[in-house]
Every structure is written in C-alpha cells, then in structure tokens.
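Here are a few exercises to work through with your viewer open. Try each task yourself before you read its solution.

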Amino acid sequence: MVSGDHSTIVKPRNDEREYKRVLLSNGLQVLLVSDPETDKGAAAMDVHVGSFNDPEGVQGLAHFLEHMLFYASEKYPEEGSYKKFLSEHGGYANAFTGDENTNYHFDVNATHFEEALDRFAQLFICPLFSAEAISREMHAVDSENSKNLSSDAWRRCQLQKNFSSKDHPYHKFQTGNKTTLHTRPISRGMDIREGLQSFFEENYSAGLMSLAVYGKEPVTKLEELVREKFSLIKNKCVEALRFPGSPCSSEHLKIIVKSVPLRDQNILEVTWPITPNFSNYKKGASPYVQHILESDAEGSLIALLKELGWANSISAQENGTMDYAFLEIYLELTNAGQEHVQEVLDFLFQYVKLLQQEGVVEWIYEEKRAMNETWFNFKDKADPIDYVVELSDSMQIYPVEDWLATDALFAEFDRNTISALANQLKPQHVRIFCSSKKHKLETTDVEPWYGTPYTVEYIDDICIQRWEDAPIDTRLHLPSPNIFKPTDFNIKNFEGEEKHPVMIRKTSLSKLWYKHGTNFKTPKAYVYLSFHCPESNKSVEAEILTYIFTWLFADEMTEYAYYTSMAGLYYSVSDSKDGLEVVVEGYHDKLMSLTEKIVEKMLNFRMKEDRFAFVKEKVVRNYANMRFMQPHAQANYEINHILTQESWHLSECLEVLPLIDAQKFSAYFPRLLSGTFVEALIGGNVTSSEATSLMQYIEKTLSPLVNNRAPNFSQSLQRRIMCLEAGTEWFYPTAGFSPDDENSAISIFFQVERDSPRSNMLLKLFTLIAQEQYFNQLRTVEQLGYIVNLYEKHFENVRGVQITIQSTVKDPTQLDQRIEAFFTMFEEELQMMTVEEFKNNAEVLMDMKLEKCKNIWEESDFYWREISRGSLQFDRKKNEVNALKELKKEDLIAFFNQKIKRNGSERRKLGVQIFGNQHHRELIKAKDERKLPLSFTNDSENGHSNPGPTETKQNEPHPQTNGSKDTDSYHLLSNGIAETIPRDDFYEHLYTPGNGYKQQGVTEAKFDSRQQNAIFVCDEQAAQLDHTKKTCANRIDDIQAFKRSQSFYCSPKIVP
C-alpha cells in the first residue's frame, strides 16, 4: 500500500517502486512513480478531450490539435525543438487521440529528465500554432488518413459508426482529412488556425488532465519538479463533456450489415449495447462474460465451430466509454462458415443462452479472480513510457486506490450483477456485421469516409423468436477446472552467480544453454527450443509445408492454449529460418510439464485430414492477403527477399500452394524431423537439473525420428545474406501489390558491415544523430508522407541503415532524390558539429547501450537472439561501449563519407521503389531507363542522343547554355535543399517569359562547358549544380538473375 494525499494506492506485491498521488493547486491530478533503478524518465499527460469534442463541421480537429501541440511553445519557440531534444538524449515522444481523451507521452535518458519535463509542460501552458506549421501538418493528417483507407479494421470500425444516431458523437469521423480540416472550413469562412487556438483554449484545462511521472528521483524531488513546471497550466473551470445514452436507437438494432473487405477474409462481428463495466468494475461482470464467450475449451462455441470447419478464431471485448458500451464477439469464419452464417449465429445465440441460464458459476469466477490477483502481484516491469500511458489513462477512470490495479482485482462473487449483464445480450438488441468478398454482388451503398461497399438487412421477428426459443445444443457446455493453474510461487535459491547463459549440456542431438533468474525475483521461467531441420527451407514447397504444420499444430493445441493462457503460461510453435522454434514462458510451476506435452505432441504429430483442408484454406488466405500489405511494407519485404539468398517470393508461394495437399504433407513431415538438431535456452526460476531433465526427455522423444543418428550438418542450409559490392547502387522498381492503392513508397538499405563493436557503434551513432533531422526535414517540413523512417537494420549478422517513405505526393524516383538531398544537407550539419556536441551524442548512446533489462523477458530475448544468430556476444553491451569510448568525430565523418554519402568509396545502396496507381506512368519510365543517374544524366554519355531544348517563343530569350550538352534533369541546390528539374521543364521552371527568373535571387543562368556545371548567378550567392560525379544506380530487372551475380555472407554456423 502507498499513501498519498488522504488516499491509498494498491500496488503489486513484488513492486518495490514508490508511488505518490499529488493534486496541484490548478486541479491537475498527478501520480509520481520513483524507481531508483530506471535508466529512463517518462511522463504522460492524458487530457479528457477527444474526437467526441470535435466542433460540428470540423471532424478531426482534436486529432489535428494532437499533431500540432508537439511543434513549439512560447518558451521553446523553435519548431520541432521538443522532439529534437528528446532524440538527442535517447528519448522518444508520441500521442494518440481517442473518443474522449488525448494522450501525450515521452521518455528520455534519466539524466536529462528535468529539462525534458519542462519542455513537455510548456506544450500545455503556451503552445504556438504558426500558420506555416498548420499548413504542413494538415498534409500529415491527410496522409495518415490515406494510409488508413487500406485498413479493413478502420473500415469496419467506421461502418459500425455509420449505423448510429447522427446526433451522437460516436457517429463522427474521428481521424479527419484535408476535406474536413481545410476545404469545408474555408468554404464556411473559418480560419483553421483560429479554430485550433479556440479549441485548445476552451478545452485544454488542468482540471481535465491527469499526469503520470516516472523518474529515478525520490518522490519528494519529483513532486518539486511537477509543482514547479505544471502549476502554470490554466484551470479554465470547465467540466468534462458527457454523452449520456446509447449511440443506437431502435433503427440501429436488429440489423445485419453485409460489407466487402479489401482482403480475402470472412469476419463476423456480433455486438450489443450494454451498461458500461465502469459502473460496477469491482464486480467483474464484463471480464467474466468475455471469459466465457471467448473460451476455446471443449464445449465452447469456437470448439464446436472448429469441429464443423466453420471458424478459425474468436474473441470478445467491451468497447465504449463511461456513458455507453458495446459488447462484441469477433469471429473469423472459414469459407464454409461463411456459407453457413445463419447456423453460426444459431449456435452463438444458443451459447449465449447457456451463459444466461447456467453460465454464472462461482468456481469459474473464483478461478478467474485468483489468476487476476496472481497476474497483478507478479506483474512484470514495463517500459516506463508504456507504464505512464497506462497509468495516466486509468487515472481518468478509476478511484485513486485502483489507479494501478484498474479492474483486475474483483470483489466477492455477485451472481446478480453478472446475470444482469448476460441478460442484456438479447436477440432483440443485436447488431450483426458480416464482412466477406462473397457479398460483392449484394451491396447497395457505400460508406462515405472509407468507401466500403455494404448493404443492410433488418432481422425479422420470426428469426428473433427462433433464436430465443432454440434449445441449447448438447455439444455446448461450460469449461472444466484449469489443471494448469499455478500454486507454487516460491523463488528458488541458486548457488553461484551467472551473468550470462552457460552451456551445461552438449550431445550429438542437442545443445543446452542455461541461465538462472536471480535478477528479477519472480516465479517465472522460460524455454526456447530451436529445431534445426535441414529440410525445412530447401524448396518453396518445403517452406510452405513447414508453415502449414505450425497452423495444424496450433489447431491441435487450441484447448491447451486456452487453459494455459488463463493460467499465465504462454507458448508458440512457429516456423523459423532454421526449421521450427518453440517458446514457452510464464509461471514456473507447470511450465516444464507443459513443455514436455508440447514437444511430445509435436514430434508425434498425426495429421487429421478433415482439419488439413480448413488449415490450408487459412494458409492460402494468409499468403493471398499479403498482396494487400501497404506499399512501405511491400518495399521492406522486397528488400528482405533480394538480400536473402534462400528465400521464396510471394508470387512463387502462390503458384505452389494449389499443388499442396494432405498426401504431400504426410510424405513431407517425417523428412522434416529426420535430421533434427535441437538448441535450447532454459532459464528463470528453474534449476539446472530441471533444465537438463527436460532436454533428456526431448532427446528421448526425438531419437526414434532421427534413427539415433547425429544430424548431417553438411546438408544444413546456411543463412546467407547478399554482400553488395562497395561503390555500387541498385534499384528495383515495381508496382504496388494492391492496384487500388494510391500510395507509393521507397525503401533504401545502405549495407554497412558485418557485426563488430566498432562498426556497430558508428552505425548506431549515425542513426541516432540523423533520424530526427531526417524525420523533421522530410516529414515535418517537406510533408512527403505520414510514414517516414530511418533506422538501423540487421540481416543476420550484417548491419546497415534502412530508410522508408510512403507518399501520395511524390513518386519513388522523386522520393529517392529527396533522400539524397537530405544527406547533402546532413553532411554540412555533420561537418559543423562541434567536438562537444559529438561527445554529448556519444554519451547519450552510451546511456542507451547501458540501459538495464526491465524484466526477465527482455533479458531472455537478448540472450536468445545471440544464441540463435550464432554470435554468442553475451558481453555485447560492454564490448560496444568500450568501442564507443574510442570513437572521435573524425571517425563518424569518415563513416558517413564512405558508407552513406553519394559516391562514397564503400557505399552499398539497394533501393526498392513501389509505384502506386497514380504513378503508373512514372513506373513505365523507371523500367525503361537502363541506368538512372544519381544526379544528372547526359544521355549522350549513355549512348543516347536527345533533341535540343524546347524552342523559345519569339522575342523571349532562354538562359544561355554556352553550347553545353543537353541533359535529362538538373539537381538545383538552394539553401541546402535539392530539387530535380526535368529537362523539358528546365527553362520553364527557372524562367517565366516577361517575368524573368523564378528562382529567388537568380539573375542569370548559364553552363560552364568545361566543368559541365549549371551556374546560377544570384544577387547574394550562386547555387551550383555538380555534374561531375558519374556513379550510376543500376536497375534490377530479374531478382533471381541478380542474386546469381552477387556474392553472399555466411552467418555464424551453429554446430554440435
């Protein structure tokens, strides 16, 4: 328990952090969290104002304000300085807008928390809204909406809103776009800047805010900082708007809405308006009802539907506010299930009737209450930024004592409260939304914001009566008691201290790494198993069959998955680069026995032919729906495919899939396991003898399948990553998978070096310094798109920089030019960096590298990556920090000049260009040009000849070229920004008849015939176009042919 201002806060049993609740004089609610061990400081401000507060006719204004608030404040007027400061000190910031709240949050290295907190506070005290910034950021909001248009989840959500009362804010379009935030307001004479300022002044009041602050300082110091920095936020004495009543009137109930998705999927969503859980959250009614409805146990709804081959998965959840809510059941149907939707609904209402008549059972409630209490008391530490977001949100909803626990800790069993909720799920109040390609010919209307085709039907009284009167199928019944429920939470005593995993067992069939878990004092453990199966990736057919096995196995283990997840145990069986990977984690009590059961069932797997057809349908759909990935994801996918030697493209998989059947799987599966070698990492609250016993059991189970022979590693596939030749540049232009997507994208990978401490630190230092400047220039200033990323990327033990942009305003060729222009500008910034600034950046990176793992899962994940990659650098942090200490500014400049800068001696650039449907002509051009110059192409040098410049109009002089060769394009550098000018548009771009030169300050334009430079003579300075560098980017026409022409790195080979 923790005291704070006459209230007590219930905290987890294993939580040693200190908490204090503070109420500032301006009414701001604050929760302070002191964690002396943290490496990060973090804060989140939750404002009880969201999209429901949008003024009439300006939908998306709350979301737009969320974007704008990050820009600048009176105290810190430089645009982007808030995020820049955070980035320079190992931090990050983000925000999101909900129906009734907007949440702003950040983290930063703990040593710079105080200034970051001051900058954060100023955003809510005196933000600045410049007209120029508003104009730019409106494009970002519109781009974000454009991205969402291809998301079926967003489309289904808005379709449900479409069937609600127009006078309820639930009906609104939440995100906003250029039409709602620019076109329509202007047509009504509204100034959007004034609208933003008014919205902030009228709604952003300290009394509507909750602040969570997380730092390593004592709570007394944190309180001092908060009082100093946040007391100036104005309390405007406004009450939070309430929206009582249901969004749905009678006309929005008893409906079936059929819609057509973009992806090939069959989704059935069944919802009812209900009383919000917040009114009785201690009674646990909503969590209990959800628990029964989404059960996977024998006798459940989904178990029966799977048996019939009609559904793959189910989930149940409550969505809403403190004034209204919906309880929703979400079903993913098979094609057969889509053909039997009526029968599926019949069974669903029978199962709801079972819940209403027999389902409110005290032992089930007590079992769930006990597991919730266990979860809360042994809750793992999260990232501070995630934790403060969670806390600031709960502060708006729950009493002070439950700010940490929220609705996790139930009171005593109350049958009447649970039954009252269950009885609200009546056929008369149901809303059914069915999304399937099969409705394509039935739709009659289009949802206005996302363009989703749909039709609506009203459920007649005969159908309602049938659902009410139908007897409950005997195959439906309640779940059994959970045999995996943990009872032993004792922390084991371990002898000695192990900083890193150690290999404690090695045989011809397996290798075991072990690490006990004394660091975190939690009754949890983990098992990682890598089954190295040489057959798994030898062909596209083998890869697909291995993937099918993981789905067949998951289908076989569905009931186990339900009970184990309820008991705090989680497992996965997935395909990997080496074959198969099994991960089991959770409370140690039943973990080893669960792992043995999983391995036994996996190695002795017997396919059920009736399930194979349904699983294959799911797998085919998964592959087919990859064609609807967003362009930026497609670009990254293509880069992965190009760089990885043994990889099979989506198009190859789609060709092979129709040929795969149950007989091929039956013939393949024994081969999959025949040459298996197992590598394991076991750790946490388990002893070395328990770990060894588990490996002995795995070997005993595996031995008959490999005929007791050691695997032949010469037959194993090594992971090979392409080694791009130094000084080369390649690009692959292609159309987007989705022909209806307007977005284009580019992804560029600059390959740097193989894994080594010095190279890694130079790469990390470069990305640390470059990424915020890159985002600010290309996203904030130039507004190229909503998705603008620069980050470090690993391909096995080969590292590099990956850059991604998704855009509707520029085609990929232009995006590439903007990226190169940014690096031209960045080079100047790098050269101007002082030694002190370099040292500060190095210190920030050092803090980031020395950040401690917050929980057992972060630690185990790090160790498993080192083992599975074969690098085994358990001292990686120490080694890399030592390398970082030796670096100087000159080393970073040399790294940039050689690896990143245009024409760098060791630059290895691979770009993938995805052309959306509005850039079709540009794609044709990109594919027609054999070589694309980095800056300016003189076609006569490439074996082509072009006509001269467009003839001038009579009496209108062109700028003189002094007889220079004609060029395809020019790259104009002005104020650090480069712009490509097509040859045919060159003169029109620079010169307007009768008005002179368009480029500001340009008085003359001419060519230097000796240097092939275009010289612009300006009033104050000359902008010079360098046409001396000849490096060309080569187009990839055939990926497989390209791969055959390249050499490849081998990753470290794991051998017994």
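Below are three short tasks with worked solutions.

This is a predicted model, where local features need pLDDT of at least 70, side-chain atom pairs count only at pLDDT 80 or more, and totals for chains, interfaces and linings use all residues. Residues are numbered from 1 along each chain as its sequence is written, and side-chain values use heavy atoms, with hydrogens and water left out.

**Exercise 1.** Determine whether S34 is buried or exposed, and find a polar partner for its side chain.

*Solution.* Start with the location: S34 belongs to strand β4, residues 29–34 (strands are DSSP E runs of at least two residues, helices H or I runs of at least four, numbered from the N terminus). Next, the relative accessible area of S34 is 5%, so S34 is buried (under 20% with a 1.4 Å probe, protein chains only; exposed is over 50%, and partly exposed lies in between). Finally, a polar atom of the S34 side chain lies 2.7 Å from the backbone oxygen of E217.

**Exercise 2.** Describe how β11 and β12 pair.

*Solution.* First, β11 (residues 311–320) and β12 (residues 325–333) are antiparallel, with nine bridges (pairing needs at least two DSSP bridges). Then look at the connection: the two strands form a hairpin, with four residues between them. As a check, A316 has I329 in β12 as its bridge partner.

**Exercise 3.** Find which strands stand at the edges of the open six-stranded sheet.

*Solution.* Write out the order, β16-β17-β21-β18-β20-β19, with mixed pairing. β16 (502–506) and β19 (569–575) each have a single partner strand, so one side of each lacks a neighbour in the sheet. Lastly, β19 pairs with β20 (residues 579–587) in the antiparallel sense over seven bridges, and L569 stands opposite G586 in β20.

Notes
Polar contact = N/O pair within 3.5 Å; in protein donor to acceptor, adjacent residues only side chain to side chain.
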